[in-house]
Every structure is written in C-alpha cells, then in structure tokens.
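User: Let's go through the cysteines and the nonpolar packing in this one. Can you take my questions in turn?

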Amino acid sequence: MLNLILGYLGLGLMLGLAGVGSSIGTTIAGNAAEGALKNNPEKSSSYMILSALPATQGLYGFLAFILWLGRDFADQGLKLFGVGISVGLVCMISAIRQGQVCANGIIGVSQGHNVMTNTMIYAALPEFYAILSLIAAIMI
C-alpha cells in the first residue's frame, strides 16, 4: 500500500513540479515581453519565441509522466517517488532559471541589441539539465 501511495505521489510531483516551473518561467519571460512590446513592438516574434522556451520543461515532465504511468507501483513505488521528485525539481528549477535568461534577452532585443541567437544559446544551458533528467527517467 505504501509503494502505491509513493508511486502516485512520485507521478504527481513529476508532472506538477515540471508544470509549475514552466508556468513560472513563461510568466517571467512573458512579463518582460509585455514591457518590451511598449518599447519595440516590431520585435514581437522574437519576444514570443523566447517567452515560450521555458514551456518545454513542462513537456518533459509530462513525457516522463506518460512513460512511468504504466509501471507496477506495487513493486516500484519508492523508485517512482525518487524519479518523480528528481525530474520534477530539475524541470521546475531549470524552467524558472531559463525564464530569467529569456527575460534578459527580451530586454536586450527590445533595446536594439542583436542578442537573440546568444540568448537562445544561453537559454539552452539550463534546459540541458531538464533533458538529462528526462533521459535518466527513461533509462531507469
């Protein structure tokens, strides 16, 4: 019974934390984009791209959730709890930090600086760890 509870809790944390992180990260970048639109509305497509980047961690959490959903919780509940909290936390923190990177890039783009490509490269760095957590969840 405890394994079953831990298994479902792990699934919930995996999906929930990743989704919360993505919503916070996209909000951080979206707030910067909203302000940038007032300064330089012609660059709105760049703002939109950068604002959407932190949403991917929520997708990674969802994918890991789907992959682990069919597991036998009676035998693997504790393992699923560990995987769930690990994937959820990594995705949450990386999405928030990626949102901050993207927000700074949006401000730079709105000020006329040519930083779009560099911002996307910098934004890929925290996302790399979310991808690693997804790969680890798949491999376990």
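Analyst: Sure. This is a predicted model, where local features need pLDDT of at least 70, side-chain atom pairs count only at pLDDT 80 or more, and totals for chains, interfaces and linings use all residues. Residues are numbered from 1 along each chain as its sequence is written, and side-chain values use heavy atoms, with hydrogens and water left out.

User: Is Cys-102 buried or exposed?

Analyst: Buried means under 20% relative accessible area, exposed over 50%, and partly exposed in between (1.4 Å probe, protein chains only). Cys-102 has 0% relative accessibility, so it counts as buried.

User: How many disulfides are there in the whole structure?

Analyst: A disulfide is a pair of cysteine sulfur atoms within 2.5 Å. The closest cysteine sulfur to that of Cys-91 is in Cys-102, and at 15 Å it's too far for a bond. A search of the whole structure gives a count of zero.

User: Which element gives the most residues to the largest nonpolar core?

Analyst: A nonpolar core here is a set of buried Ala, Val, Leu, Ile, Met, Phe, Trp, Tyr and Cys residues joined through side-chain atoms within 4.5 Å. The largest has 15 residues, and α1 (2-39), α3 (56-69), α4 (73-110) and α5 (116-139) each give two or more. Helices are DSSP runs (H or I, at least four residues), numbered from the N terminus. With five residues, the top contributor is α4.

User: What is Val-87 in contact with, leaving aside its neighbours within four places in sequence?

Analyst: Val-87 is among the three members that touch the most others in that core. Counting contact as heavy atoms within 4.5 Å, its partners are Met-14, Ala-64, Ser-133 and Ala-137.
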